[in-house]
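Q: I would like a close look at a single part of this model. Take the annotated domain and walk me through its buried residues, its contacts and its empty spaces.

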Amino acid sequence: MTPSQLEHCTQLLAEVLTFRQPADAAVSAYFRRRNKLGRQDRHEIAETVFAAVRHYQKIAAAMRRPHAQARKAALAALVLGRSVNISQLAGFIDEEEQNFLARLKARKTEFSDGLATAAELPQWLADRLLRHWDEAAVRRFGRSVSQGAPLDLRVNTLKARRDKVLAALHAEGLPAEATPYSPWGIRLHEKPALNRHPLFLDGTLEVQDEGSQLLALLTGAKRGEIVVDFCAGAGGKTLALGAQMANKGRLYAFDVAEKRLANLKPRMVRAGLTNIHPERIDSEHDPRLARLSGKADRVLVDAPCSGLGTLRRNPDLKYRQSADSIAKLVGQQHSILAAAAALVKPQGRLIYATCSILPEENGQQAERFLQENPDFALLDCAALPETAKTGLDTGPFLQLDTAEHHTDGFFAAVFQRRA
């Protein structure tokens, strides 16, 4: 960390720690405005900013209004989140800052500010999780998502085999390994710039968390079927589904955001997929959906959710969500799931998924759906042939835990329409 980099961190954190917009968007916009910053500068600045967000609870316990003391917040992030010794900063911090950091470091392992601070979670979220978990589980979750995530990749099986890609990456000196559950996944613990890598440019590799890959696997999509990705977003799971279908059949990618679907189109071309049909819809009640009523073999609903399972990547979400926003999302999820169910044909499969860890968005939502839709039955995720080979058994629902599975925190329930 140089004095210049620290100044950039200070400017950025004054904005980011207000939590008025997504942290990654604020960082990207800042770098666009300062396009002369080099790659190493950007790396140091971004890592420090996100360390401050991950450890915000402890920083806020040690100082009031961290965004108004952004330089101190940046220094605290270096010590708490990036394991920088105070002596390494001695050349550009004053005596008061040095004393502050010494007190902070001495206090690091003896926080007496309650469970929320120990777990690195805001009070509202710690309280909510305590309705369902004990204190040890809350602390374990909080600490697991306060660490950065590795870089997970998915091999496009239309273009290559995973073992061949792994061998190629090893030949380049990249420490890559097969993911333990997804048959398509590769994990990199370092984060090289892949956007110019030949295997990325030719569509052989896509960036996708292993948990997200498993959601696509759960659909059981096969060649020649009609498959719907009801909330496609930028299309990571859509691309996985298209490859799973061997580029045969029809795969509809619906979303309410034209921009997200526009981002999918060049990725389709790069992946060599021609069976995907992106279409913007106005809402889950768009009348254009009626043409697929009762016709789809598989419908995946990766529902809008709190995103609290992705805190390794998006640590600011825990400060931008609230009890009120969760309540709105639960209502939206219920409406979307009901609308998507209408597209499923008899004996067809409906997959409801979130990247949340809250029961009200997950198991409770699935149980409500079963009560209201007796023509659907719950399938046991662990018993499905698609997941049996993975050795993953989290019970009837797929419930991925960051601490245990080293993925984002995903949930999925699989329903089948009765004959």
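A: What follows goes from the domain to its annotated sites, then to other side chains and the enclosed spaces.

The model is predicted. An unreviewed UniProt entry lists residues 141-418 as "domain: SAM-dependent MTase RsmB/NOP-type". The span is 33% helix and 22% strand. Its end C-alpha atoms lie 37 Å apart.

Start with the annotated sites. The unreviewed UniProt entry gives "binding site" for D255, D282 and D302. Take D302 and D282 in turn.

D302 sits in strand β8. It is buried, because its relative accessible area is 15%, under the 20% cut-off. Beyond its sequence neighbours up to four places away, D302 touches C231, K237, A353 and T354. With K237 there is a polar contact between side chains, at 2.4 Å.

That partner leads to helix α13, residues 236-244. K237 is among the buried residues of α13. The others are T238, L239, A240, L241, G242, A243 and Q244. Why is α13 largely enclosed by the rest of the structure? The reason is that 8 of its 9 residues are buried. After the helix comes A246, which has a positive phi, near 55°.

D282 is placed otherwise. It lies in the loop between β7 (276-280) and β8 (296-302). D282 counts as exposed, because its relative accessibility is 52% and the cut-off is over 50%. Its contacts, leaving aside neighbours within four places in sequence, are V256 and R288. Its side chain also joins that of R280 in a polar contact of 2.7 Å.

Next, two more buried residues. E360 lies in the loop between β9 (344-354) and α17. Its relative accessible area is 11%, so E360 is buried. A polar contact of 2.7 Å links the side chains of E360 and R128. R128 is also one of the residues that E360 touches, when those up to four places away in sequence are not counted. The full set is R128, R131, H132, I326, V330 and Q365. V330 is 30 residues from E360 along the chain, yet their C-alpha atoms are separated by 7.1 Å.

R417 belongs to strand β12, residues 411-417. It is buried too, with a relative accessible area of 19%. The cut-off is under 20%, so R417 qualifies. Polar atoms of its side chain face two backbone oxygens. The backbone oxygen of V344 is 2.7 Å from a polar atom of the R417 side chain. For the backbone oxygen of A341, the distance is 3.0 Å. Not counting residues up to four places away in sequence, R417 touches A341, A342, V344, K345, P346, Q347, G348, D375 and F376.

Now the empty spaces. The structure holds 2 cavities of 30 Å³ or more. The largest has a volume of about 40 Å³. Its lining consists of C381, A382, T387, L392, D393, T394, G395, F397 and L398. By class, that lining has 5 nonpolar, 3 polar and 1 charged residues.

The second largest cavity holds about 30 Å³ of space. H334, L337, A338, Q365, F369 and E372 line it. Helices α16 (323-341) and α17 (363-372) each supply at least two residues of this lining. The lining divides into 3 nonpolar, 2 polar and 1 charged residues. Q365 ties this cavity back to the loop residue described above: Q365 lines the second largest cavity, and E360 touches Q365.

Last, an open space. The second largest pocket has a volume of about 330 Å³. It is lined by 20 residues. W133, I357, Q399, L400 and D401 lie nearest its centre. The elements that give two or more residues to this lining are α9 (135-144) and α19 (402-405). Of the elements, α9 gives the most, with 3 residues. By class, the pocket lining has 10 nonpolar, 7 polar and 3 charged residues.

To pull the annotated sites together: D302 is buried and its side chain is in polar contact with that of K237, a buried residue of α13. D282 is exposed and its side chain is in polar contact with that of R280.

Terms used. Residues are numbered from 1 along each chain as its sequence is written. This is a predicted model: local features need pLDDT of at least 70, side-chain atom pairs count only at pLDDT 80 or more; totals for chains, interfaces and linings use all residues. Side-chain values use heavy atoms; hydrogens and water are left out. UniProt positions are given in the numbering used here, feature names are shortened, and annotations may be inferred rather than shown by experiment. Helices (H or I, at least four residues) and strands (E, at least two) are DSSP runs, numbered from the N terminus. Buried means under 20% relative accessible area, exposed over 50%, partly exposed in between (1.4 Å probe, protein chains only). On a 1 Å grid over the protein atoms alone, a cavity is a set of points where a 1.4 Å probe fits but cannot get out, and a pocket is an open set with protein on both sides within 12 Å along at least five of seven lines; lining residues have an atom within 4 Å of a point. Grid points are joined across faces, edges and corners, and a volume is the space filled by probe spheres set on the points. Ala, Val, Leu, Ile, Met, Phe, Trp, Tyr, Cys and Pro count as nonpolar, Asp, Glu, Lys and Arg as charged, and the others, Gly among them, as polar. A polar contact is a pair of N or O atoms within 3.5 Å; within protein, one must be able to donate a hydrogen and the other to accept it, and residues adjacent in sequence count only if both atoms are side-chain atoms. Contact means heavy atoms within 4.5 Å.
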